[in-house]
Amino acid sequence: MTRAIVAATAWWVVAWSVPAQAQQGACRPVLDRATTMRSQAGGVRSFWSGGVWARCANQPTTMYADSVAWYGDLNRMDFVGRVAFQDSTVSLDAQRANYYPGDERIEAFGSVRLVNRVTGSVLTGPRLTYWRAAAGLRPFSELYSSGRPRVEYRTPADTSAEPYVIDGDRVRLRGAGLAFAAGTVTITRSTIDAKSDSAMLDVDRGLGALVGRAETAGGGDTARYRIGGDRLDFRLTGGSVSWVQAREGAEAQSADWRVLGDTIEFVLEDDLVQAGAAWGDSKQPQAISATQTIEADSLAIDAPDQILTEVRAFGRAKATARDTVRLENDWMSGDTVIARFDSVATGNRQLTRLEARNNARAFYHVYDLANPGRPPAINYSRGRHITARFREDGGLDRVDVVGAADGVYLEPVPAGRQQP
């Protein structure tokens, strides 16, 4: 991972090619057929037209173009018009191409389309440089394309799968599992939607990174999640993202919760979040819903199949229940705060139990259910361990305080009675 990122200035990586043994040394061009031919400089330079077919005498490589020019002094072949090049690994089509047999380098221009014949991956764009794998030259092939090419990438393990569609201002593909992309990069699929300034993927090691205004979303239509930051690192298992971490201004969001922190990471399975964590030095991470905020030095989140069950907050932990009706919010704090969630009759996930451990504090309002219009009482409690339980309607059911317990309970003045 580290060597790929440092070398790449963060481009997007895609597995593309095969090792050098697929080729048999530098190509020895052989002309098979042409309609007309002329030569210059004593045959050092030759020109063919009317449809030209050529091949490599020592490789399974074929070439076609409407016209071809051979510059022996430059060891270069120029192809013009309906260029088609095919070797054991790829098929390449373009409007124009320059081929350097001694270096096994092809420069293609105009409506370029390169297809990996093994995986079915496709690269299209305005220009491409293809360094072919060849014994004695390079162990793996390389591709470089600029002018905002597009890659429809399929993994070697599943060539019939839906492709990842990758767009970037520049793309470089190297060997059997390393490549890069830069310049407003996007990666899309039915289960993922990612973007960044640049990106990297090492398929062989199952690692990848998105760098600069990075963001990715997944989970399909029913359990959508999004995570972003200045940098995203991820791991692949079986071709799918199994872990993702956002750093530097990280933010994650699902249908019900929003998480903020210096660093946020998720564990995923079947494209669904299973667990997560958040921490940071510059600011305390927060988990925020429509009614609650949980903050601490670090957060641990349990959400099997993206269904929130528990949030654990460690170090200067505090949970706050927001209520726009009251002037003050209910809250609970401690060295550790644990919030548990469950489904209620309405089908929503709701806070059902809240615990504070060690140096526990709690401030909350107590309503008289028999007199709903009456102002609430106020309770402030301290203890070693405080547990609050909640009703299905979200109201407070009971609070237990254990260990060195004390506090203050204030009741409202009854209607019609003046304070002394």
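Rings of Phe, Tyr and Trp, the last through its six-membered ring, are taken to pair if their centres lie within 6.5 Å. Applied to this predicted model, the rule gives a count of seven aromatic pairs. One of them joins Phe 47 and Tyr 71, whose ring centres are 6.0 Å apart and whose planes meet at 85°. Planes over 60 degrees apart count as edge-to-face, so the pair of Phe 47 and Tyr 71 belongs to that class. Phe 47 sits in strand S3 (residues 45-49) and Tyr 71 in strand S6 (residues 67-71), so this pair ties together parts that are 24 residues apart in sequence. Both partners fall under the 20% limit for buried residues: Phe 47 has a relative accessibility of 16%, and Tyr 71 has a relative accessible area of 14%.

A further pair brings together Trp 53 and Tyr 64, and here the geometry is tilted, with 4.7 Å from centre to centre and 55° between the planes. Trp 53 belongs to strand S4 (residues 52-56) and Tyr 64 to strand S5 (residues 62-65), so the parts tied together by this pair are eleven residues apart in sequence. The two residues also fall into separate accessibility classes, as the values show. Trp 53 counts as partly exposed at 34% relative accessibility, whereas Tyr 64 is buried, its relative accessible area being 17%.

Elsewhere in the chain, Trp 331, Phe 363 and Tyr 380 make up one aromatic cluster. Trp 331 has a charged partner as well: Lys 318 lies over the face of Trp 331, at 5.0 Å from the ring centre. A charge is likewise placed over a ring at Phe 109, where Arg 96 lies over the face at 4.4 Å from the ring centre.

Another arginine, Arg 174, rounds off the picture. Arg 174 is part of strand S14 (residues 170-174) and, with a relative accessibility of 29%, counts as partly exposed. When neighbours within four places in sequence are left aside, Arg 174 is in contact with Ser 141, Glu 142, Ala 179 and Phe 180. Arg 174 can also be set beside Leu 143: these two residues are 31 residues apart in sequence, while their C-alpha atoms are 6.5 Å apart in space.

Key: Residues numbered from 1 in each chain as written. Predicted model: local features only at pLDDT ≥ 70, side-chain atom pairs only at ≥ 80, totals over all residues. Heavy atoms only, no water. Phe/Tyr/Trp six-rings, centres within 6.5 Å; stacked < 30°, edge-to-face > 60°. Helix = DSSP H or I, 4+ residues; strand = E, 2+ residues; numbered from the N terminus. Buried < 20%, exposed > 50% of the residue type's maximum accessible area, 1.4 Å probe, protein only. Lys NZ or Arg CZ within 6 Å of the ring centre and 35° of its normal. Contact = heavy atoms within 4.5 Å.
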